[in-house]
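Student: I am new to this structure. Please take me through a single helix, slowly enough that I can follow it on screen.

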Amino acid sequence: MAAIDQSVPNQDLADGRTAAERHAWADAFDSLCRAAAATPLPPEDLFLLATAAYLRGEVTACVDALRRAYEIDVREIRPRRAARAAFWMSFALGNQGEIGQASGWLARAEALLAAEPADCAERGLVLSAYAFRSNAGGDFAQGAALARRAIEIGRRTGDPDVQGLALTQCGGALVKLGQVAAAVPILDEAMLAVVGREISPIAAGTVYCVVISVFSEMAEIRRAQEWTDALTGWLDQHHNMIVFSGRCLVHRAELRQLHGDWPGAVEEAERACRRLSRSPEVISSGGARYQQAEVLRRWGDYVAAEQAYRAAAEWGHELCPGLALLRLAQGDTATARSALRRALGETSDRLRRARLLPAQVEVELAAGDPASARAAAAELATIAEVYGAPALLAQVHYARGAVLLAEGDPAGALTELRSAAHHWRDLDVPYEAARSRVLIAQACRRLGDEDTTALELAAAEAVFTQLGAQPDQARVAALRADPAPSAHGLTPRELQVLRLVATGKTNSAIARELSLSEKTVERHLSNVFTKIGVSSRAAATAYAFQQHLIDQS
């Protein structure tokens, strides 16, 4: 925003300017409001009042101050500065959800610049806004093209706000297009402008939050942590700031959960909700409640988790995969399966699908459908190849290992699961590392290695106990209490087929009952014969009764 006139017509204005220089935004807002009530302020001070108002979450006061600055600049024929005021009004109103008014002010900004040079900084701001619109509408190629034009203008004019906003839009669009190698340096450059303190506070906070969100969506945990720490430091220097601080707390809650500080994650999420309730970004409360629900689910407090998921839904936050995994934990596999398939059917966005696919693998295996689980794991692997984030690779190895274990290949599963555990440990994500070790233990048990099984289960149990992950503790306790390998080693689906064979059903009848093809039933039955060492349906039926498998349905 524009430089400040250093003349001092009254004490309130002087105090407001001084407070703004100290980044004391509550004091700046109060003093500048009093100054504006006493005497008309020049555009420079109205811009300053608008900044303080926005950062305090007072969007109406922000827009009012910018409108007054706009009217003065239009009257005094300063089209570029008037266009800048119109841009920031569009920005503030758009973030408030006032899309119609935001579009109108952006159109006014563009009209004011019609006779101005094509590479003026204000035109770069307008282009960055249009890039945002294209990205929000899913036209990422157009968004990247518009943002690149804005970046060029920002670099030629040296305007840090233009550069920061345009770089984030360009980087975000390239990520969606899968051009990660090009996107990451652009996003890092945007953050360097913020770290260098060259950019205005509103643009700086926007860059921080957008870039962190992009890295979080990519599962780039290290970069998300680095820039969240930087945002925290930046917020510490800007006192009494409401906007941006709530979203920062949501990011911190997610990272604390990943790194095993679950009480801290719940506390950060609660603080975020309180802060966001006073902010124009209140819709982000959905993300905070979702993070709380994820921890509560892992703790085994399913009633409280359900309440938190519902609170997240009230703010429009997507509940999958978390709610589906809650249903799975409650034993409602069919509902979990339907929810995930619905969510996956609604999106073609690769990064969104990457958040859903690990849960789908888990749910499909629980439903006795390893073929669907394998397909989900394969799609996840394809996405991970594009983005290359270590956390995505860890999820791929875990998914593959879980599928191989279900399909009766413990040796192949072991290789994948050890890779998953290694990646999670390297990223300092203890819960996922411990989950990997539970499956490693099961693979070792099927291979007859009870010593390693016991060690892996003990290591996993120690982590779950420290985290308070009671459902996982119970699972490990059950595995430790029953050290004998499974008598049959059948997958859930194979066990279903064997039980139906034992009731005398034909392959055709089994196919109809399980909604499978006859060829798939034949394949499952062949696997059953191989695993239990028989060669006929009669022998398989006898085995099922001898092992008391019929009564386990």
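Tutor: Here is a close look at one helix, α24. The model is predicted, so local features need pLDDT of at least 70, side-chain atom pairs count only at pLDDT 80 or more, and totals for chains, interfaces and linings use all residues. Residues are numbered from 1 along each chain as its sequence is written, and side-chain values use heavy atoms, leaving out hydrogens and water.

Start with the length. Helix α24 covers residues 450-467, which is 18 residues. Helices here are DSSP runs (H or I, at least four residues), numbered from the N terminus. From first C-alpha to last, α24 reaches 26 Å. That is close to the 26 Å expected at 1.5 Å a residue, where the expected span is 1.5 Å times one less than the number of residues.

Now look at its sides. The buried residues (under 20% relative accessible area, 1.4 Å probe, protein chains only) are Thr-452, Thr-453, Glu-456, Leu-457, Ala-460, Phe-464 and Leu-467. Seen down the axis of α24, they fall within an arc of 125 degrees, so they line one face of the helix. The arc is taken from the directions from the helix axis to the C-beta atoms. An α-helix has 3.6 residues a turn, so residues three or four places apart point the same way.

Turn to the other side of α24. Asp-451, Leu-455 and Gln-466 are exposed there, meaning over 50% relative accessible area.

What covers the buried residues? The cover includes α14 (262-276), α15 (285-299), α22 (410-426), α23 (430-446) and α25 (470-481).

Finish at the end of the helix. Just after α24, Gly-468 takes a positive phi of about 80 degrees.

Terms used. Helix = DSSP H or I, 4+ residues; strand = E, 2+ residues; numbered from the N terminus. Contact = heavy atoms within 4.5 Å.
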